[in-house]
Structure formats: structure tokens, C-alpha cells
Amino acid sequence: MKYEGLDLLNNHFFNKGTAFTKEERKENHIEGLLPPFVQTLDQQVEQAYENYSKKATFLDKRMYLMDIFNENVTLFYKLFSEHVNEFMPVVYDPTIADTIENYSHFFLDPQNAVYLSIDDQDELEASLKNATKGRDIKLIVVTDGEGILGIGDWGVQGVDISVGKLMVYTAAAGVDPKSVLPVVLDVGTNNKELLSDDLYMGNHHQRVTGDKYYAFVDKFVQTAENLFPNMYLHFEDFGRSNAANILNKYKDDILTFNDDIQGTGIITLAGILGALNISKQKLTDQVYLSFGAGTAGAGITKRIFDAMVEEGLSEEEAKKHFYLVDKQGLLFDDTEGLTPEQKPFTRQRSEFDNADELTNLEAVVKAVHPTILVGTSTQPGTFTEPIIKEMAAHTERPIIFPLSNPTKLAEAKAEDLLKWTDGKALIATGIPVDPIEYNGVTYNIGQANNALVYPGLGLGSLAVNAKVLSDGMINKAAHSLGGIVDATQPGAAVLPPVSKLDKFSITVAEGVAQQAIDEKLTSATDAKKAVEDAKWEPKY
Ligand SMILES: NC(=O)c1ccc[n+]([C@@H]2O[C@H](COP(=O)([O-])OP(=O)(O)OC[C@H]3O[C@@H](n4cnc5c(N)ncnc54)[C@H](O)[C@@H]3O)[C@@H](O)[C@H]2O)c1
Ligand SMILES: O=C(O)C[C@H](O)C(=O)O
Ligand SMILES: [Mn+2]
């Protein structure tokens, strides 16, 4: 499609702003609509960064960046790519949590998102077409807003997680921003604060559940698949009772990915492998404790379990290495309210003399002596000093990952974990943490956030047009992050730094693409070339 005049200046995919040359201004009938001096993209970046730096808070900085995105996508991504480390916490988690909580009050621009209402299902197809006119959509991030990070149900306001995740896909892996679509399924909300807010922009009713809900999700999936064949469909922040059901329903037929289950599983396995590389221990010798065994917790557990089986343990042997703790305490086979994903990893009461006392994390840590403790509980401060000291008393290098997001929900602060273990803990957090000085050593803290892997995984799968996302491709992604950190350095991080996100996303993409080729899930033959060809770059 060819745009000119104000239509061109108002189209953020094609707008170059002050970088339109004299000839382009004439040709497109925008002469006189911009100041005469023609800027380069680098000058625009310099100017925008200067303004960005003057904003006082992360929220102000994010809003400023969103204005740039809304005006000029190329400039936004060039700027982002030059300041990845600095911008990640502003564009994405944790600042995105504030914009989601206040979406209806801050509302500025839909940012290319499509809002699909369960009350207007006859408009669904037209809405998808309206949102994408003339664009070839390859990648959708969809949420229903029920389980946003650890902050719960934010209804239609959850759309910002779809917007933010897609921005990271492009900044990290170079997915073409014209080929992506953020989607929110508005099925209502159970958030009382939103329901009683006149300015709330979503459907003012309780969530629709059960068959009606699943039929709506299916209508969306089938319509999107029809309109955009071979797209990569990324599900984000669905509620605990739906996330795994939806993934299981579609994963064998279409190119589908659940970030909270699979993405988090990959990055946590990668972090654990990085930690074991530092401690020189074996995965199959570890005792794993999942605290908060919901969507992410159970997804991670399954991934670590699969890795133990790949390393030679029988399924029966591998299961003995896992303990799940949720609201009920240690999960036993007779515990009420188990989810299907928890059931394979429950224990028997007969294994313990004091089974009835194992109702809290501290008692369980005392009883099972975990060597790995992963928190996805949404409960801040629950990795307390006595618990961590008890854990450290029974293992040389405790692996401790407080992964709950955003910052205010983390199970512990990295600094405290180092202090309580005298620098022995091998740590990764869900949100970025600055390096920590402790006893003369600088500790770099890895960020176990799925953002470190989902961009590469998506680009790799799309580059070769893979039929489905296989376990092999997922496993390959987890093993692609090794070897980047120098494990011999004191205070080395368990994962590579976010500052290298763009580089290692390509490593992940190439590995995943190669795996798809090896598994005959594509007709492509050259993984490296396919990834190179698929990669978009911000330039005029
Ligand atoms: N770092 C990452 O990449 C990443 C990825 C996904 C999720 N997360 C974080 O993990 C957290 C959980 O997300 P989710 O999607 O799995 O949510 P979820 O609701 O599916 O799971 C949370 C689980 O914690 C349990 N829980 C609640 N209170 C508890 C308590 N007091 N003690 C023990 N367990 C308790 C819940 O019963 C539930 O099973 C969120 O904070 C999210 O931000 C991080
Ligand atoms: O969004 C994030 O920062 C990671 C993860 O998907 C989450 O739900 O917390
Ligand atoms: Mn998520």
C-alpha cells in the first residue's frame, strides 16, 4: 500500500519524520509539513535519547518511548536496539505492570492492538482484518488478561502485555514489526476495582468461563489461522485453570507457544545449567523444590524433569528429585485441589514421619533439603533468612531463583540471598538486578525472564516456517544459552547479560531453526541463512 501526505506522516510503519529527504518530501506531498533541515536516523536517535534521559521516572520514560513508537516505528527500534539494557525494564517488565494497572486512565493509543470481545463475536473476523489491512501477519501475542505477571486479573488492560512482549521480539530478535499483531480477548474481568471504575475500558461483567469461554478462544484461533496461515501463536498470561488446557489443545496442530509454561521452563533450565556449570555439579544429583506450582511453576518442573530424563534417569527415578509446594503446603497425592500439571509430581505421605506438618515452605525445606529452590508463587519475601540458611546448611552452592514478577512480588532480593549464604547462592531473578558488591567480589545476577528466549525461539521457528513447536526445538533453545558467560570468573552470572540479548537471540534462533530442519518440520535446509533472511533491521 502506498501512503502520501498526512497519511504517510501518520503511518508509524512508514513515517521517517524529519529524515524524509527533500525528494521524498516532494514526491509524497509532504513538503512544508516538516522543518527544512533533513536529519539522519542517528541524529533522530540522539535527540530522542536526550529527551528520554530528562524524564524523571520509569513511567514517564515509558510513555515518552510509546509516543515515539506511535509516530515512527523505525526510530523506536533503532533507539531501543542501542539501549537494550536500559530500555528493557522501561518498555517491558517491571514498568509494564504499572501501565497495565492504569491502562484505562493513561489510555493514549491502541498501538496496533486488536480488542476482541466475547460479546461481539460476529465482529471477530472483521476486527482482525481491520487491524491488519495490507499486512502479512506472522506472529500474534494474545492474552485474556486473567493472570498478568503475578498481579492477577486486569481484564482488557492486559493488552499491554501483548504489546510489550512483541516489542521485545523485535528489539531482541529482529522480528519485522509490520508482521506482528497484539491481541486481547475480552471475556470480562473478576477484578472488582475495574468493574466499579466508570473509566474501565473493557466489558463490565464477570469473566465468562467453561464451554462458552473455550468456544470463543477456539473461534479466535481458527479465524486467525485462516486469515494468517502459518503464523506463530504466542499465548501470554492466561489464568492457571486455562493456560495448559489451551496449549495442550493446539500444540500438536499449529505453531503454538505458551510463554509462561514453555518460555519460563526454557530460561529456568538454562539458568540451572549455567549454575551447575559454575558449581561443577550434575543435574541428576539435584533436589528440586518448586514454590508456587502454578502455570509457570509446573511448566518449569516439567522442563527440568525432561532434562533429567534426557540425562539418563528413568522417569520413575527422575520424579524422586522433585517436590512441589503450593498454598496447601507440600503437594501429596491425596491433596485437595491438585491441577493436572501438579499430579505427576506429588509425593506420598508415607515418605515422611511428619507429613502432616509439611504445610509451609520452611518445614518442607527442613524435611527434603533442596539444592534448587525456584519461586513462582507471587508471594513477596517468602524466601526468608531462616529458610535460606537452612537450605544453605545442606548444600554447598544453593541454586535460588526468586522469579515472581514484577519487582514488588519477588520471593527475595538477590542481595539478601547473597548475604544469608555468605556469597554461596547461585541466583537468578525475574526482573533485572544491578551487580552486587559483597565481600570484595562483584556478583552479576542473571535474569531468568522468558524474554531472554522467546524472541529467538519465535524468530527461529518463523524463519523456517516450522509446522509446530516441538519439544526438541524447545530443548535446543534451553541449551543455546550456555558458553556465553565465563563461569570461572568470581561472581559470574548463571545466565548471559541482557546487554547481549540481540546477539544471543540469533544464536537461539539458529539452533531452533536447525532443530526444526533435523526433525523434518520444515522444507528449509539452511538454518543460518533462513534466520539472516528473516531478520528485520531498523533503518530507512
Ligand atoms: N521470570 C519469568 O520469566 C516468569 C515467567 C512466568 C511467570 N513468572 C512469575 O511467576 C509468578 C506466577 O505466575 P503464574 O503464571 O505461574 O501464576 P499462577 O497463578 O498460575 O501460579 C501461581 C501459583 O502460586 C500459588 N500460590 C499462591 N499463594 C501461595 C502461597 N502463599 N504459597 C505457595 N504457593 C502459593 C498459587 O496457588 C498458584 O499455583 C508471577 O509472579 C509471574 O510474574 C515469571
Ligand atoms: O512478563 C514477564 O516479565 C515474564 C513472565 O511472562 C511473567 O508472566 O512474569
Ligand atoms: Mn507472562
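**Metal site, ligand pocket and sheet**

Modeller: Glu236 (OE), Asp237 (OD) and Asp260 (OD) coordinate the manganese ion (ligand 3), at 2.0 to 2.1 Å. The model is predicted.

Biologist: What makes these atoms of Glu236, Asp237 and Asp260 donors to the manganese ion?

Modeller: The cut-off for a donor N, O or S atom at this metal is 2.8 Å. The distances here are 2.0 to 2.1 Å. They fall within the cut-off, so the atoms count as donors. Water is not among the atoms, so the site may look incomplete.

Biologist: How are the donor residues of the manganese ion spaced in sequence?

Modeller: The spacing is E-D-x22-D. Aspartate 237 and aspartate 260 link distant parts of the chain, 23 residues apart. Aspartate 237 is in the loop between strand E4 (232-235) and helix H13 (243-250). Aspartate 260 is in helix H14 (residues 259-279). Both of these aspartates are buried.

Biologist: Which residues surround ligand 2?

Modeller: Among them are Tyr92, Asp93, Leu149, Lys165 and Asp259. Glu236, Asp237 and Asp260 are also in the list, and these three coordinate the manganese ion as well. Asn405, Asn449 and Asn450 belong to the surroundings too.

Biologist: What makes the approach of lysine 165 to ligand 2 a polar contact?

Modeller: A polar contact needs a pair of N or O atoms within 3.5 Å. An N or O atom in the lysine 165 side chain is 2.9 Å from an oxygen atom of ligand 2. That is within the cut-off, so the pair qualifies. Glutamate 236 has a polar side-chain atom 3.0 Å from an oxygen atom of ligand 2. For asparagine 449 the corresponding distance is 2.9 Å. The protein buries 90% of the 260 Å² that ligand 2 exposes when taken alone.

Biologist: Now the loops. Why is alanine 425 called buried?

Modeller: Buried means under 20% relative accessible area. Alanine 425 has 5%, so it counts as buried. Its place is in the loop between helix H19 (414-420) and strand E11 (426-429). Leaving aside neighbours within four places in sequence, it is in contact with Arg397, Pro398, Ile400, Leu417 and Leu418. Alanine 425 and glutamate 396 are 29 residues apart in sequence, yet their C-alpha atoms are 8.6 Å apart in space.

Biologist: Glutamine 111 and asparagine 230 are next. What is the phi of glutamine 111?

Modeller: Phi is positive, about 50°, although glutamine 111 is not a glycine. This residue sits in the loop between helix H8 (103-106) and strand E1 (114-117). Its relative accessibility is 7%, so it counts as buried. Asparagine 230 also has a positive phi, near 70°. Asparagine 230 is found in the loop between helix H12 (210-227) and E4.

Biologist: Why is asparagine 230 called partly exposed?

Modeller: Under 20% would be buried, and over 50% would be exposed. Asparagine 230 has a relative accessible area of 44%, so it is partly exposed.

Biologist: Which peptide bonds at proline 94 and proline 406 are cis?

Modeller: The bond from aspartate 93 to proline 94 is cis, with omega near 10°. Proline 94 lies in the loop between helix H6 (84-91) and helix H7 (95-101). The bond joining asparagine 405 and proline 406 is also cis, with omega about -10°. Proline 406 lies in the loop between strand E10 (399-402) and H19. Asp93 and Asn405 are among the residues around ligand 2.

Biologist: In what order do the 7 strands of the open sheet run?

Modeller: The order is E8-E7-E6-E9-E10-E11-E14, with mixed pairing.

Biologist: What makes E8 and strand E14 (446-447) edge strands?

Modeller: Each pairs on one side only.

Biologist: How do you know that E7 and strand E8 (residues 329-330) pair?

Modeller: Pairing needs at least two bridges. E7 and E8 have 2, in the antiparallel sense, so they meet the definition. A hairpin of 2 residues joins them, and aspartate 326 has glycine 329 as its bridge partner. Strand E6 (residues 288-291) pairs with E7 in the parallel sense over 4 bridges. Serine 290 stands opposite leucine 324 there. E6 also pairs in parallel with strand E9 (residues 372-375), over 4 bridges. In E9 the partner of serine 290 is valine 374.

Biologist: How many residues of strand E7 (residues 322-326) are buried?

Modeller: The count is 5 of 5. Phe322, Leu324 and Asp326 point one way, Tyr323 and Val325 the other way.

Technical notes:
Residues numbered from 1 in each chain as written. Chains lettered and ligands numbered in written order. Predicted model: local features only at pLDDT ≥ 70, side-chain atom pairs only at ≥ 80, totals over all residues. Heavy atoms only, no water. Buried < 20%, exposed > 50% of the residue type's maximum accessible area, 1.4 Å probe, protein only. Contact = heavy atoms within 4.5 Å. Donors = N, O, S within 2.8 Å, 3.2 Å for Na, K, Ca; no water. Near = heavy atom within 4 Å. Polar contact = N/O pair within 3.5 Å; in protein donor to acceptor, adjacent residues only side chain to side chain. Areas by Shrake-Rupley, 256 points an atom, 1.4 Å probe, with all protein chains shown as cover.
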